[in-house]
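Student: Please take a close look at chain B with me. Start with its surroundings, then go inside. Keep the steps short.

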Amino acid sequence: MKIKVAGTGLTKFGELWSKDLLDLALDASNDAINESRLTKNDIDAVFMANMLHGKLTGQDHLGALVASSLGIKGASFRVEGACASGGLAVHLAIQSLLAGTYKNVLVVGAEKMTDAHVSEIISALMGAGSEQERKAGLTFPALYALMAKAHMQKFGTTRNHLASVSVKNHYHASMNEKAQFPFEVSMEKVLESPVISSPFTLFDASPITDGAGAVILTSDSTTPGVFITGSAVATDSVDLSSRKSLLEIAATKQASIKALKQAGVEIKDIHLAEVHDCFTIAEILAMEDLGFCKKGLGGEFVQKGHTRLGGKIPVNTSGGLKACGHPVAATGVKQIIEITHQLQKRAGKRQVEGANVGLTHNVGGSGATVVVHILQS
Amino acid sequence: MIGIVSYGVYIPKFRIKPSQIAKTWGKEVSEIEKSLGVFEKAVASYDEDAITLSIEAAFRALLNGEIDPKLIGGITIGSESHPYVVKPSSTTVAEILGMGTDYLAADLEFACKAGTAGIQLLSGLVSQGKTKLVLAIGSDVAQSKPADVLEYTASSAAAAFVLGKTNTIASIVDFTSFSSDTPDFWRKDSEKFPSHAGRFTGSPAYFDHVLHASKHLFAKTKMTAQDFDHVIFHMPNAKFPKEAAKKLGFNPKQLAAGFIVEKIGNPYSASSMVGLAATLDVAKNGQLIFMCSYGSGAGSDAFVFEVTPEIKAYQKRNTETVARQIKNKEYIDYSLIAKNILTKYKI
Amino acid sequence: MSTPVAIWRQHKTLSPYLNKVGKLIVWTKIFVAPSGFEHQTPYLVGIVDFGDHKMPLQIVDCEEADLKLNLKVITVIRKIGKAKAEDVIEYGVKVKPL
């Protein structure tokens with residue numbers, strides 16, 4: 001496929017008290033449209049990704065809300081797949097372009113989380129899990145903690161391995177002015193912060209964030225910009241207990257195999273990646289499931305520094321979900337934007353030298369949905 | 001003859017000593033232990049209530065008796081801590097036990113004798129031939145006002161008895177009941193905690209009803225205390241049942257098997273019923289058991305049971321004896337009780 | 001928490017879960033809870049293998065230190081979460097060490 005990213009727009013990620021969801025979506029969308037040199041009239045469709053807004057505020061019908069607020073009268077859709085909503089919106093937008101139905105589309109992912117009470121947010125996020133998981137009093141930190149426990153039991157992964165993910169991503173975020181936490185943290189800080197769900201501390205978990213990201217995608221391959229050459233989705237059970245193994249996210253493997261095939265590249269050809277580190281263990285699993293290292297060795301792989309800027313395969317130069325922030329549905333779009341900027345050599349201090357092929361990995365729930373994209377310059 | 005076919009008991013594992021409660025409120029421990037004679041009491045967890053306790057006890061009764069729940073035609077739950085004022089505990093318990101829909105269910109309240117009232121009432125269904133098996137439960141997560149003297153004894157437990165005509169382990173030889181309007185202990189719907197009338201709860205309340213009911217049953221059955229191998233009274237503390245026993249001519253040995261109050265406190269509707277279960281755990285074929293419950297408000301239900309030869313095989317099947325559950329304990333401090341108060345009263 | 005009708009359907013599914021024995025595969029101690037579970041913190045949740053299927057369940061009546069891989073656990077029926085004043089109480093399956 002030869003889809004082009006014609007424009008990008010990203011808000012600051014953080015506690016943005018004076019902005020509501022629509023403000024965020026419009027800020028990002030307008031920046032993306034302006035960068036693309038297209039006009040509102042050129043946009044055929046708006047794919048709006050959001051997970052929580054209906055539940056938290058009662059406002060649904062977001063596709064129409066965002067599109068009409070932008071003055072776009074074409075098609076509009078809301079896309080939801082838990083934390084993979086952003087990636088799914090990109091994927092569906094691409095399908096509409098490949099089908100020839102639309103020529104230029106706007107994909108915007110936005111989330112407004114900080115208006116609600118913490119326990120309400122934790123409950124709302126559990127919408128990405130199963131009913132039985134909710135009845136058991138589980139939370140997303142707890143679900144990933146169970147996966148971390150299994151990984152520690154089987155492979156001897158340690159809390160230090162987990163913490164090194166957080167430390168590395170904070171280092172990257174310190175060079176990203178859009179990040180929620182643009183500062184470094186030490187191993188001690190991560191290991192000694194309050195336990196939220198054993199063995200995770202506060203610093204093993206991505207935060208509650210407001211933010212939005214938008215991209216203009218076009219099937220006009222003469223447009224200057226980066227190509228998306230692979231886009232694939234895979235699905236597994238919503239319920240963690242029903243998975244074949246707690247030691248992997250099988251849908252990651254499935255989606256990446258498909259996406260890499262579409263792009264005509266192998267995992268060893270990837271120069272950098274944005275992966276879904278909702279919790280530290282998730283990044284370790286991603287390293288293994290995407291094939292950057294062998295199963296069981298993900299912790300070591302990160303701890304050795306291979307995924308740090310300057311290393312073999314820089315991962316999450318944006319700061320990842322942990323340090324850049326995780327406005328749920330915006331993340332998948334932000335990942336596309338980060339890789340796009342890297343391939344366009346616009347990443348400033350966190351620029352990866354010689355970056356030409358990048359990968360994004362966006363996960364919904366505890367691994368029920370995975371979306372993988374391949375981008376090439 | 002109608003009798004007990006099987007039974008089950010559930011005692012929560014947490015225990016608190018009076019010293020922990022006294023410490024919390026700045027009271028003198030030794031005085032309390034001396035006057036009440038309760039050494040520790042059972043405390044239910046924050047996610048337990050009279051319904052969950054009933055399910056545990058009743059399930060064990062069904063398991064021990066190898067009884068298909070669908071054959072139970074009547075269920076009563078006697079409690080002072082029914083989770084709802086309007087909505088029966090007995091139907092929730094019946095549903096979860098798998099009893100189906102062909103049964104009579106009723107929730108009973110009569111302070112600490114609501115459970116035994118159920119035994120008398122349900123036995124009527126069986127003797128009329130309306131159904132073959134019935135289930136009488138006494139279950140409480142007893143409430144008491146924090147810092148009140150009742151807090152040292154009010155505890156949690158449940159006992160369930162399946163009654164029927166065949167394969168009984170103990171026959172119900174006879175029973176009687178003695179009732180009057182006596183305001184010794186009460187709680188209106190609008191109130192969180194019960195109130196009591198101090199020393200009035202002794203002689204005109206507990207003793208008047210227990211002694212009268214017991215003497216009436218002695219007369220009816222033409223028996224005296226000497227005829228019995230075991231006796232169980234409602235145990236609000238260690239003193240009252242010992243005194244009642246003495247007054248009626250029973251000796252301490254007869255009281256021993258069912259005397260559970262020192263180890264688990266007073267689980268209200270389950271008190272005499274858990275005592276009866278503890279007695280049946282060790283009783284022998286042919287032995288006679290006398291039981292007299294007491295419920296404030298007030299009334300006493302008195303029973304004579306005769307143990308059958310079936311008891312031996314039953315005791316082999318019953319792994320969760322009262323003694324075993326009394327032993328399976330973990331000491332706690334006041335924090336769980338504080339948590340339960342916050343949770344229950346939505347503070 | 002669930003609506004009365006959802007609870008009604010749910011209670012009908014509980015009787016097969018009485019007294020079931022399974023083994024504990026993984027567990028975690030939760031300190032930050034969702035709405036309706038705040039009164040329980042900290043509490044333990046794990047995945048239990050019943051042979052023919054696995055389930056996520058709360059683990060009660062024990063401490064984290066009591067838990068180990070493949071620990072035998074048995075089901076109990078307890079209250080799920082905390083019903084609001086006007087709600088129906090929900091009962092459900094949890095496990096405790098055997």
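**Chain B and its surroundings**

Tutor: Chain A and chain B share no contact; their closest C-alpha atoms lie 12 Å apart. Keep in mind that this is a predicted model. Chain B does meet chain C. That contact takes 21 residues from chain B and 18 residues from chain C. Which elements of chain B give two or more residues to the side that touches chain C? They are helix H3 (50-65), helix H4 (89-97) and helix H13 (335-344) of chain B. The largest share comes from H3(B), with five residues. Now sort that side of chain B by class. Eight of its residues are nonpolar, five are polar and eight are charged.

Set this beside the other contact of chain C. Two pairs of chains touch, and the pair A and C has the most contacts. There, chain A brings 27 residues and chain C brings 26 residues. On the side of chain A that touches chain C, at least two residues each come from helix H5 (118-125), helix H6 (131-135), helix H7 (140-155) and strand E5 (195-197) of chain A. H7(A) gives the most, with seven residues. The classes on this side of chain A are 13 nonpolar, 10 polar and four charged residues.

Back to chain B, and its overall build. Chain B holds 13 helices and 14 strands. Its radius of gyration is 19 Å, and the globule rule gives 20 Å for 347 residues, so chain B is as compact as a globular protein of that length. Along the principal axes, the C-alpha atoms of chain B fill a box of roughly 55 × 45 × 40 Å.

Next, go inside to a pair of helices. Helix H6 (residues 202-221) of chain B packs with helix H7 (residues 239-248) of chain B. The angle is about 40 degrees, and the axes are 11 Å apart. Angles under 35 degrees count as roughly parallel, and 65 to 115 as roughly perpendicular. H6(B) and H7(B) are therefore oblique to each other. Their crossing is right-handed. Where do they meet? H6(B) offers Tyr206(B), Phe207(B), Val210(B), Leu211(B) and Ser214(B). H7(B) answers with Phe240(B), Ala244(B), Lys247(B) and Leu248(B). Seven residues of this contact are nonpolar, one is polar and one is charged.

For comparison, here is a helix pair in chain A. H7(A) and helix H11 (residues 280-290) of chain A cross at roughly 55 degrees, and their axes come within 9 Å. That makes H7(A) oblique to H11(A). This crossing is left-handed. Tyr144(A), Met147(A), Ala148(A) and His151(A) in H7(A) meet Ile281(A), Ala282(A) and Leu285(A) in H11(A). Six residues of this contact are nonpolar, one is polar and none is charged.

Last stop: a sheet in chain B. Three strands form an open sheet in the order E3-E2-E14 (chain B), and the pairing is mixed. Why is one side of strand E3 (41-43) and of strand E14 (330-331) of chain B left without a neighbour in the sheet? Both stand at the edges, each with a single partner strand, so one side of each stays free of a neighbour there. Strands of a sheet pair through backbone hydrogen bonds, either parallel or antiparallel. Strand E2 (residues 14-16) of chain B and E3(B) run antiparallel, joined by three bridges. Find Phe14(B) on your screen: its bridge partner in E3(B) is Val43(B).

Methods
Residues are numbered from 1 along each chain as its sequence is written. Chains are lettered from A and ligands numbered from 1 in the order in which they are written. This is a predicted model: local features need pLDDT of at least 70, side-chain atom pairs count only at pLDDT 80 or more; totals for chains, interfaces and linings use all residues. Axes are lines fitted to C-alpha atoms, for helices over the stretch in contact, and angles run from 0 to 180 degrees between N-to-C directions. Helices (H or I, at least four residues) and strands (E, at least two) are DSSP runs, numbered from the N terminus. Angles under 35 degrees count as roughly parallel, over 145 as roughly antiparallel, 65 to 115 as roughly perpendicular and the rest as oblique. A crossing is left-handed if the near helix is turned anticlockwise from the far one by less than a right angle, and right-handed if clockwise. Two residues are in contact if their C-beta atoms, placed from the backbone, lie within 7 Å. Ala, Val, Leu, Ile, Met, Phe, Trp, Tyr, Cys and Pro count as nonpolar, Asp, Glu, Lys and Arg as charged, and the others, Gly among them, as polar. Two strands pair if DSSP finds at least two bridges between them. The radius of gyration is taken over C-alpha atoms; the globule rule is 2.2 Å times the number of residues to the power 0.38.
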